[in-house]
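The following exercises concern the fold and the nonpolar cores of a two-chain model. Please work through each task before reading its solution.

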Amino acid sequence: MREQVLQKPIKRLTLRIPAALVAQAQRQAGATRCSLNRYIVELLS
Amino acid sequence: MPTLEVTLNEPVYVALIQATRLSRQSADAIVQEALDVFFRMAPQPAKDTGRTPSATTWRRAKIHAEAEAWRALPDTTRRRYSGEFVAVHEGQVIDHDFDRVTLHLRVRGRLGDAPVLITPADAPAPREFQMLSPHINVM
């Protein structure tokens with residue numbers, strides 16, 4: 001039987017966020033050892 | 001304003017788009033608000049905890065912000081709802097009822113699982129009920 005690999009669909013979104021907020025999120029993400037993207041995903045989940 | 005490209009899994013993307021429809025705000029504004037509210041609640045980076053912010057954290061922060069808005073209302077306004085439960089969303093009393101469950105169901109029907117504070121109007125100390133909803137698994 002042929003195996004199928006199911007990929008989770010992903011969406012790319014471009015957001016306009018104030019620089020100060022991005023910098024703060026980057027610091028926080030760094031402190032929690034995760035990427036900024038993952039940090040935002042977790043925040044929104 | 002700088003742009004930031006994020007890659008979201010389907011459930012998070014769908015939840016974000018639903019939130020834009022419900023609140024009539026852009027995705028930019030919702031993400032900004034989420035970051036803003038979260039940082040107001042936890043201004044210091046959580047060092048070496050290895051934990052990322054969770055849905056619960058953000059929702060709790062939103063509920064606290066609504067509780068602050070409710071407590072900031074003048075006594076005369078709050079007394080108008082004496083004996084009832086009030087629902088507070090985006091800093092506004094959006095509904096009220098003598099029965100908490102009736103109010104909860106009505107608000108949920110209107111706003112889905114958006115974080116809304118439901119509290120007795122006469123509560124002497126801050127007393128909060130958080131709307132619970134199924135969590136979405138992230139990738």
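The model is predicted.

**Exercise 1.** Determine the pattern that chain A follows along the sequence.

*Solution.* Begin with the inventory: chain A holds 2 helices and 1 strand. Next, place these elements in sequence order, which gives β-α-α. Finally, consider burial: of the 45 residues in chain A, 24% are buried.

**Exercise 2.** Establish the order of the elements of chain B from the N terminus on, and state what share of its contacts is long in sequence separation.

*Solution.* The count comes to 5 helices and 5 strands in chain B. Their order is β-α-α-α-α-β-β-α-β-β. For the contacts, consider those with a separation of 6 or more; residues 24 or more positions apart account for 45% of them. As to burial, 25% of the 139 residues of chain B count as buried.

**Exercise 3.** Identify the residues with the most contacts inside the largest nonpolar core, and the elements that give two or more residues to this core.

*Solution.* The largest nonpolar core has 22 residues. Those with the most contacts inside this core are A:Ile40, A:Leu43, A:Leu44 and B:Ala34. Now assign the contributions by chain. Chain A gives two or more residues from each of helix H1 (19-31) and helix H2 (36-44). In chain B, the corresponding elements are strand E1 (3-9), helix H1 (10-23), helix H2 (27-41) and helix H3 (55-72).

A last step concerns a second, separate core, which has 11 residues. Among them are B:Ile63, B:Trp70, B:Val116 and B:Ile118.

Terms used: Residues numbered from 1 in each chain as written. Chains lettered and ligands numbered in written order. Predicted model: local features only at pLDDT ≥ 70, side-chain atom pairs only at ≥ 80, totals over all residues. Helix = DSSP H or I, 4+ residues; strand = E, 2+ residues; numbered from the N terminus. Buried ≥ 20, exposed ≤ 12 C-beta atoms within 10 Å, placed from the backbone. Contact = placed C-beta atoms within 7 Å. Core = buried A, V, L, I, M, F, W, Y, C linked by C-beta atoms within 7 Å.
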